[in-house]
Amino acid sequence: MPRRPAGGRPTNAAAIRFDVVDSAAALSSVTRAVETIGGRIRALATVRRVDGDPPIAEIELEVEGVEEDLLVAALEAIENVRTVHLTRALDRVFGKRIIVVGGGAQVAQVALGAVSEADRHNLRGERISVDTIPLVGEEPIAAAVRAVADLPRARLLVLAGSIMGGDISAAADELRAVGIPIIALNMVGSITDHVDLVVSDPVQAGTMAVMAVADTATFDLDRQRGRRY
């Protein structure tokens with residue numbers, strides 16, 4: 001399977017938030033409307049549900065290939081759609097996401113480096129956000145690693161801990177196969193043989209993670225792949 005680039009400019013998309021009667025046929029009518037106007041759905045998510053008669057679902061929709069006005073008109077023409085308003089595509093607000101998983105102390109230090117470096121690049125027009133989750137145990141961490149493939153806008157994973165291996169290493173191989181690179185701290189276990197880059201200092205690992213995905217940086221992860229620092 002081809003690798004997904006760590007960086008890359010986001011594709012412009014029309015972003016809409018709307019309320020629709022929460023029924024089995026609701027989303028089908030929305031996707032048909034988008035298809036009719038020649039759009040391509042990039043993201044579709046239920047923000048919240050409101051109980052009532054009828055129940056209402058608030059939907060966030062991002063569509064490529066169509067003008068915003070045309071998309072609004074197509075949704076307003078659907079019988080069960082209520083309020084429709086334009087928003088901004090999340091990649092234009094929060095941008096690329098770096099995910100940090102592992103032990104609390106190490107995650108905090110990686111986040112320190114990543115947030116500090118992201119601030120420098122975001123001042124120059126980037127949009128890079130940092131998501132963290134401290135976890136303990138092979139099974140929870142492996143599950144989190146696999147789930148990164150399903151997170152919108154995720155561009156790179158940092159594994160921050162003292163010991164990782166086993167199923168976590170298998171999950172890392174699966175994630176890299178779909179094109180999401182991984183940086184790991186230098187730690188006990190087999191994980192260091194299943195990532196793109198190993199960095200001993202957690203603050204530096206966070207800094208390099210941001211540099212790897214930033215278009216405003218000159219750091220090339222491909223040239224560093226397999227190295228240890």
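This report walks through a predicted model of one protein chain, from its overall build to a few residues and salt bridges.

**The chain as a whole**

Let's start with the overall picture. The secondary structure of the protein chain consists of eight helices and nine strands. Taken along the principal axes, the C-alpha atoms fill a box of roughly 60 × 35 × 30 Å. The protein chain has 229 residues, and 46% of them are buried. Among the contacts with a separation of 6 or more, 74% are between residues 24 or more positions apart.

On the outside, the protein chain exposes about 11,400 Å², with carbon and sulfur atoms supplying 52% of that area. The protein chain carries 25 positive and 31 negative charges, and the mean positions of these two sets are 6 Å apart.

**Where two helices touch**

A good place to look inside is Gly113, which sits in helix α4 (residues 104-122). Gly113 has a relative accessible area of 2%, so this glycine counts as buried. Leaving aside residues up to four places away in sequence, Gly113 touches Val203, Gly206 and Thr207. The C-alpha atom of Gly113 is separated by 23 Å from that of Leu175, a residue 62 positions away along the chain.

Thr207 belongs to helix α7 (residues 202-213). Its relative accessible area is 15%, and Thr207 is therefore buried. Again setting aside residues up to four places away in sequence, Thr207 touches Gly113, Ala114 and Glu117.

**A buried loop residue and a surface patch**

Val66 is found in the loop between β3 (56-64) and α2 (68-76). Is Val66 buried or exposed? Val66 is buried, because its relative accessible area is 14%, below the 20% cut-off. Not counting residues up to four places away in sequence, the contacts of Val66 are with Ala14, Ile37, Gly38, Gly39 and Leu71. Gly38 is 28 residues from Val66 in sequence, while the two C-alpha atoms are 6.9 Å apart in space.

On the surface, Leu27, Ile41 and Leu44 form a nonpolar patch with about 210 Å² of accessible area together. Ile41 lies in strand β2 (residues 40-50). With 35% relative accessibility, Ile41 counts as partly exposed.

**Two backbone details**

Most residues other than glycine have a negative phi, and most peptide bonds are trans. Two places in this chain are worth a look with that in mind. The peptide bond from Asp53 to Pro54 is cis, with omega near 5°. Pro54 is placed in the loop between β2 and β3. Arg153, a residue other than glycine, has a positive phi near 70°. Arg153 is in the loop between α5 (138-147) and β7 (154-160), and with a relative accessible area of 18% this arginine is buried.

**Salt bridges**

Side chains of opposite charge can pair when their charged atoms come close. How many salt bridges does the count come to? The count comes to 17 salt bridges. Three of them are set out here, with the N to O distance for each.

| Acidic residue | Basic residue | N to O distance |
|---|---|---|
| Glu60 | Arg17 | 2.6 Å |
| Asp215 | Lys96 | 3.1 Å |
| Asp196 | Arg225 | 2.4 Å |

In the salt bridge between Glu60 and Arg17, distant parts of the chain are linked: Glu60 is in strand β3 and Arg17 in strand β1 (residues 14-21), 43 residues apart. Glu60 is buried at 11% relative accessibility, whereas Arg17 is partly exposed at 22%. Both residues also belong to a network of salt bridges that links Arg17, Arg48, Glu58 and Glu60.

The salt bridge of Asp215 with Lys96 likewise links distant parts of the chain, 119 residues apart: Asp215 is in the loop between α7 and α8 (221-224), and Lys96 is in strand β5 (residues 96-102). Here Lys96 is buried, at 6% relative accessibility, and Asp215 is partly exposed, at 33%.

For the salt bridge of Asp196 and Arg225, the distant parts of the chain are the loop between β8 (182-185) and β9 (197-199), which holds Asp196, and the segment after α8, which holds Arg225; the two residues are 29 residues apart. Asp196 is buried at 0% relative accessibility, while Arg225 is partly exposed at 30%.

Terms used
Residues are numbered from 1 along each chain as its sequence is written. This is a predicted model: local features need pLDDT of at least 70, side-chain atom pairs count only at pLDDT 80 or more; totals for chains, interfaces and linings use all residues. Side-chain values use heavy atoms; hydrogens and water are left out. Helices (H or I, at least four residues) and strands (E, at least two) are DSSP runs, numbered from the N terminus. Buried means under 20% relative accessible area, exposed over 50%, partly exposed in between (1.4 Å probe, protein chains only). Contact means heavy atoms within 4.5 Å. Patches are made of residues with over 30% relative accessible area and no salt bridge: like charges are joined within 9 Å, nonpolar side chains (Val, Leu, Ile, Met, Phe, Trp, Tyr) within 5 Å. Accessible areas come from the Shrake-Rupley method with a 1.4 Å probe; for residues, only the protein chains shown count as cover. A salt bridge is a side-chain nitrogen of Lys or Arg within 4 Å of a carboxyl oxygen of Asp or Glu. Lys and Arg count as positive and Asp and Glu as negative; His and the chain ends are not counted. The place of a charge is taken as NZ of Lys, CZ of Arg, CG of Asp or CD of Glu.
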